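The following exercises concern a single protein chain. Please study its sequence and structure before attempting each task, and then compare your reasoning with the worked solution.

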Amino acid sequence: MLATLARDLLSGRGEASGVAIAADLLALYRAATKDERIEFLGVLGERFNPDQKALEAACRAYAEQGAAALRGLSAAVEAPRQELFRRLNLAPGGTAALVAMRADLLQWQDEIAAGDVVDADLLHVLKSWFNRGFLTMREISWTSPASLLERLIAYEAVHHIRDWADLRRRLDPADRRCFGFFHPAMPDDPLIFVEVALTRQVPRTIQPLLDAAKEPVRGRPDTAVFYSISNCQPGLRGVPFGNFLIKQVATDLKRDLPGLKRFVTLSPVPGFMRWLAKVDADLAAELAGSDWIAASGDELQARVTRRAVAYFLDAKGADGKPLDPVARFHLGNGARLEMLNWLGDVSPKGLRQSAGLMVNYLYDVRSIEERHEAYANEGRIAVGKPFRDMAHAAGVRI
């Protein structure tokens with residue numbers, strides 16, 4: 001039934017009937033079981049491809065005529081499912097429904113026939129719809145609608161929000177800020193949000209920022225700390241807008257609070273322990289659990305630091321970029337690897353994924369673009385003096 005409605009939607013009927021068919025298809029998809037969704041997405045990958053003969057003819061024409069035949073080649077190479085996605089977007093709530101559909105694709109990709117080509121086409125249209133020009137940045141405060149605040153609690157991916165009182169501590173004090181990107185088709189649902197603490201120094205551990213008994217900052221803050229950044233829509237993975245958020249927040253905070261001198265993160269290291277288990281199983285086993293913390297000393301810290309330096313500077317993915325996803329994000333945005341913090345997060349999650357390590361990435365507004373270009377074009381990682389000094393103290397030369 002889903003495939004039949006998809007073919008009907010592409011049949012060229014009038015706009016009104018097309019919107020009705022699109023709404024019916026999306027409603028049927030929402031009500032479908034996992035197996036039915038997988039089958040439909042597989043059909044999109046196998047039966048909604050470009051016409052082979054038309055594509056071959058367009059290629060021959062382009063080879064013979066050059067630019068004069070480019071428009072025909074462009075039309076022939078586009079899979080009909082891209083037009084299907086555009087028509088589905090006409091239905092009420094169509095944009096959000098397609099973002100959710102891509103989340104299904106990513107979750108079940110190994111089970112979907114030709115799921116990679118479906119994902120490539122859906123990502124292509126989502127990138128155009130979620131272009132930075134369509135997004136608005138809004139501050140989220142304790143006075144924001146309750147429905148939005150509930151979403152923040154649900155979407156927080158870095159430091160779990162325990163309850164409403166915990167949320168209020170992150171939003172209400174004068175030394176806290178929260179900003180999110182929103183899309184006009186999903187005005188009440190954030191795409192990404194960042195939590196900011198205004199401090200008088202660069203924090204090395206997360207607990208004071210989350211502590212219920214913390215004292216408000218005294219005096220004028222000089223540092224803005226991005227301590228939690230959460231992507232809210234799994235279906236928008238690969239759509240780049242997080243970098244724009246950080247840069248705009250830094251620019252706006254600097255305008256509103258000219259006394260701010262530093263913009264830094266206090267970031268997790270989510271892939272470190274997984275990587276360590278592969279390269280140094282003995283050390284990884286030693287760091288399992290939390291019993292080691294009380295007895296840890298300089299020797300253990302130096303051993304872990306040496307491995308961590310290698311993780312950040314030498315461990316690369318197939319694309320030659322750092323293995324750690326948070327490092328890829330911030331370094332790709334033009335930040336500098338500033339400081340590695342020992343026992344920065346001793347929560348169960350922090351110990352499990354990073355042996356308690358946290359990192360400060362520094363955003364120097366004057367150098368962001370230069371560092372972004374160096375990283376993107378040459379793979380060059382900007383490293384600050386505190387990180388270098390810490391590495392040297394552990395016996396590592398950078």
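**Exercise 1. The chain as a whole**

Task: State what share of the residues of the chain count as buried, and describe the chain's secondary structure, extent and contacts.

Solution. The model is a predicted one.
- Step 1: Of the 398 residues in the chain, 49% count as buried.
- Step 2: The secondary structure comprises 20 helices and seven strands.
- Step 3: Along the principal axes, the C-alpha atoms occupy a box of roughly 70 × 45 × 40 Å.
- Step 4: Consider the contacts in the chain with a separation of 6 or more; residues 24 or more positions apart account for 71% of them.

**Exercise 2. Surface and charge**

Task: Determine how much area the chain exposes and how many positive and negative side chains it has.

Solution.
- Step 1: The exposed area of the chain is about 19,400 Å², and carbon and sulfur atoms supply 52% of it.
- Step 2: There are 51 positive and 50 negative side chains in the chain.
- Step 3: The centres of these two sets are 5 Å apart.

**Exercise 3. Two packed helices**

Task: Classify the packing of helix α3 and helix α7 by the angle between them, and name residues that meet there.

Solution.
- Step 1: Two quantities are required, since a pair of packed helices is described by the angle between the axes and the distance between them.
- Step 2: Helix α3 covers residues 34–47 and helix α7 covers residues 94–107; they pack at an angle of about 95°, and their axes are 11 Å apart.
- Step 3: Angles of 65 to 115 degrees count as roughly perpendicular, and therefore α3 is roughly perpendicular to α7.
- Step 4: On the α3 side, the contact involves Arg37, Phe40 and Leu41, which meet Met101, Asp104 and Leu105 of α7.

**Exercise 4. Two residues of helix α7**

Task: Decide whether Val99 and Thr95 are buried or exposed, and list their contacts beyond four places in sequence.

Solution.
- Step 1: Val99 is located in helix α7, and Thr95 also has its place in helix α7.
- Step 2: The cut-off for a buried residue is a relative accessible area under 20%.
- Step 3: Val99 has a relative accessibility of 2% and therefore counts as buried.
- Step 4: Thr95, at 8% relative accessibility, likewise counts as buried.
- Step 5: Apart from neighbours within four places in sequence, Val99 is in contact with Leu126, Phe130, Met186, Gln233, Gly235 and Leu236.
- Step 6: With residues up to four places away in sequence not counted, Thr95 touches Asn89, Phe130, Ala185 and Met186. Phe130 and Met186 thus appear in the lists of both Val99 and Thr95.
- Step 7: Val99 and Leu122 are 23 residues apart along the chain, with 8.9 Å between their C-alpha atoms. For Thr95 and Phe85, ten residues apart in sequence, the C-alpha to C-alpha separation is 9.3 Å.

**Exercise 5. Sequence separation and spatial separation**

Task: Find how far apart in space Val19 and Leu90 are, and do likewise for Gly379 and Gln107.

Solution.
- Step 1: Val19 has its place in helix α2, residues 15–31, and is partly exposed, with a relative accessible area of 24%.
- Step 2: Although 71 residues separate Val19 from Leu90 in sequence, their C-alpha atoms are 5.9 Å apart in space.
- Step 3: Val19 touches Leu90, Ala91 and Pro92, with residues up to four places away in sequence not counted.
- Step 4: Gly379 is in the loop between α19 (368–378) and α20 (385–393); at 29% relative accessibility, this glycine counts as partly exposed.
- Step 5: Gly379 and Gln107 are 272 residues apart in sequence and 30 Å apart in space, C-alpha to C-alpha.

**Exercise 6. Positive phi values**

Task: Give the phi values of Ala114 and Leu343, and locate both residues.

Solution.
- Step 1: As background, most residues other than glycine have a negative phi.
- Step 2: Ala114 has a phi near 55°, which is positive in a residue other than glycine.
- Step 3: The loop between α7 and α8 (115–129) contains Ala114, which counts as partly exposed at 31% relative accessibility.
- Step 4: Leu343 also has a positive phi, near 55°.
- Step 5: Leu343 belongs to the loop between β6 (336–341) and α18 (348–354) and, at 21% relative accessibility, counts as partly exposed.

Methods
Residues numbered from 1 in each chain as written. Predicted model: local features only at pLDDT ≥ 70, side-chain atom pairs only at ≥ 80, totals over all residues. Heavy atoms only, no water. Helix = DSSP H or I, 4+ residues; strand = E, 2+ residues; numbered from the N terminus. Buried < 20%, exposed > 50% of the residue type's maximum accessible area, 1.4 Å probe, protein only. Contact = heavy atoms within 4.5 Å. Areas by Shrake-Rupley, 256 points an atom, 1.4 Å probe, with all protein chains shown as cover. Lys, Arg positive; Asp, Glu negative; His and termini not counted. Charge placed at Lys NZ, Arg CZ, Asp CG, Glu CD. Axes fitted to C-alpha atoms, helices over the stretch in contact; angles between N-to-C directions. Parallel < 35°, antiparallel > 145°, perpendicular 65-115°, else oblique.
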